[in-house]
Amino acid sequence: MRILFYGTASYDRESFEKELPAYPGITIEFTETNLSPLTATLARGYDAVCAFVNANVGAMTLEVLAGLDVKLVLMRCAGYDAVNVGMAKSLGITVTRVPAYSPEAIAEHAMALAMTANRRIHKGYIRVRENNFSLGGLVGETLYGKTAGIIGTGRIGAALCRICKGFGMTVLGSDLYPNMKLVEDEHVIDEYVDYDELFARADLISLHAFLNKDSYHMINDESIAKMKDGVILVNTGRGGLVDSNALIRGIRSGKIGAVGLDVYEEENDNVYQDRGDQILGTSITARLCSFPNVVMTSHQAFFTREALSQIARCTLDNALAFEQGGEFVQGSQVC
Ligand code: NAI
């Protein structure tokens, strides 16, 4: 089986090449070019293509792939919002994804963002590099004894509940489908509460619900008004969970004390791109970055060696299963 890997960076190549010897029937060629209707023609002669979260796997791309007899699209990520699933189905193209890879990696990054923003580590680091050993403006909050509010207590949210318990925090959860095992067996959630109670009681709020029409802009002017003064807000879920303009108003008013963002509205066009020598056409990211109590990263919460290995193994297992008519990794077949 020959697979063309689109949109690859050095770390993709490294992690897949490391796992490849265990899959003797599979050959991979890598291209930095991302998958789009225009670049889909590069897949001529390949059996499958592999793409990442920022690819364009819309109707036109899929039509080109089908015309080249490519029957398999391997998404090396969990989300598949980039794929037109209806079109893939109608063209007889199988699509797979990687349903879960190291939820702890994302939860650990969420806590790193919370701690960095709260304790102003990003400011302290720059100061010390410049021989400025003063502490003005760097004061933070002790998390021990405080309350964490975790919205979305699935795989990643649960991992963060465990971390927060380790910090000695009271942990509140909010989820459409509460997982009572986290309360009764693991004791890492003290109580499930509704959003309003979570907003009213939590000192640290972290978002881990998936994005849909119900959760879109769940953090808005109204919800921010219900939060405690000085609340720490972290988003590693999806940018659309937070109304960015409301967030900026909340920071400006002093209501929100610290913010850590790995995902944000406007990220899609920029994610994983070096735009260092360009003028960005929109300003939300720049405005957020201008605040001393905001720390932002570019969708890197998943980015650990363990997660990359897991992504490679799951993707190659799915390729093998497709070729041999076996079972896909549980939860990975999109269509
Ligand atoms: P999961 O499916 O295990 O958990 C999601 C949870 O959110 C479920 O328990 C669900 O019931 C709950 N939920 C859905 N809508 C809700 C709502 N409106 N209010 C409250 N709870 C709601 O998913 P997992 O693996 O924990 O991932 C969570 C999110 O993290 C993903 O949807 C994805 O957007 C994001 N993610 C971010 C990454 C990054 O690198 N920043 C990497 C991987 C995932």
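Two strands count as paired if DSSP finds at least two bridges between them. By that rule, seven strands of this predicted model form an open sheet. Their order is β8-β7-β6-β9-β10-β11-β12, and the pairing is parallel. Strands β8 (191-192) and β12 (294-296) are the edge strands. Each of them pairs on one side only.

At the β12 edge, the partner is β11, residues 256-261. Three bridges join β11 to β12, and the two strands run parallel. Within β12, Met296 stands opposite Leu261. Helix α6, residues 155-166, packs on this sheet. The helix touches β6 (147-151), β7 (170-174) and β9 (204-207). Its direction makes about 175° with that of β6.

Helix α6 also contributes to a salt bridge. The side chains of Lys165 and Asp190 meet at 2.9 Å, N to O. Lys165 lies in α6, while Asp190 lies in the loop between α7 (181-184) and β8, so the pair ties together parts that are 25 residues apart in sequence. A search of the whole structure finds 14 salt bridges.

A further open sheet is built from five strands. The order here is β2-β1-β3-β4-β5, again with parallel pairing. Strands β2 (27-30) and β5 (94-96) stand at the edges. Each has a single partner strand, so one side of each is left without a neighbour in the sheet. From one strand to the next, the twist averages 20°.

Strand β4 spans residues 72-75 and is joined to β5 by three bridges. These strands run parallel. Leu74 stands opposite Thr96 in β5. Two helices are placed against the five strands. Helix α1, residues 10-19, packs on the sheet and touches β1 (2-5) and β2. The direction of α1 makes about 170° with that of β2. Helix α12, residues 305-324, lies across β1, β2, β3 (48-51), β4 and β5. The angle between α12 and β4 is about 165°.

The chain is divided into two domains. Domain 1 comprises 2-101 + 304-324, and domain 2 comprises 103-296. Their centres, taken over C-alpha atoms, are separated by 31 Å. Eight residues from domain 1 and eight residues from domain 2 take part in the contact.

The size of an interface is often given as the accessible area lost when the parts come together. Here, domain 1 and domain 2 bury about 610 Å² between them. Of this area, 58% is on carbon and sulfur atoms. On the domain 1 side, Asn54, Ala100 and Tyr101 lose the most area to domain 2. Together these residues supply 47% of what that side buries.

The polar side of the interface was also searched. Zero salt bridges are found across the interface of domain 1 and domain 2. The count of residue pairs in polar contact between the domains, with both residues at pLDDT 80 or more, is likewise zero.

Note on methods: Residues are numbered from 1 along each chain as its sequence is written. This is a predicted model: local features need pLDDT of at least 70, side-chain atom pairs count only at pLDDT 80 or more; totals for chains, interfaces and linings use all residues. Side-chain values use heavy atoms; hydrogens and water are left out. Helices (H or I, at least four residues) and strands (E, at least two) are DSSP runs, numbered from the N terminus. Axes are lines fitted to C-alpha atoms, for helices over the stretch in contact, and angles run from 0 to 180 degrees between N-to-C directions. Contact means heavy atoms within 4.5 Å. Domain bounds come from an automatic or database domain assignment. Buried area is the accessible area (1.4 Å probe) that two parts lose on being put together, summed over both. A salt bridge is a side-chain nitrogen of Lys or Arg within 4 Å of a carboxyl oxygen of Asp or Glu. A polar contact is a pair of N or O atoms within 3.5 Å; within protein, one must be able to donate a hydrogen and the other to accept it, and residues adjacent in sequence count only if both atoms are side-chain atoms.
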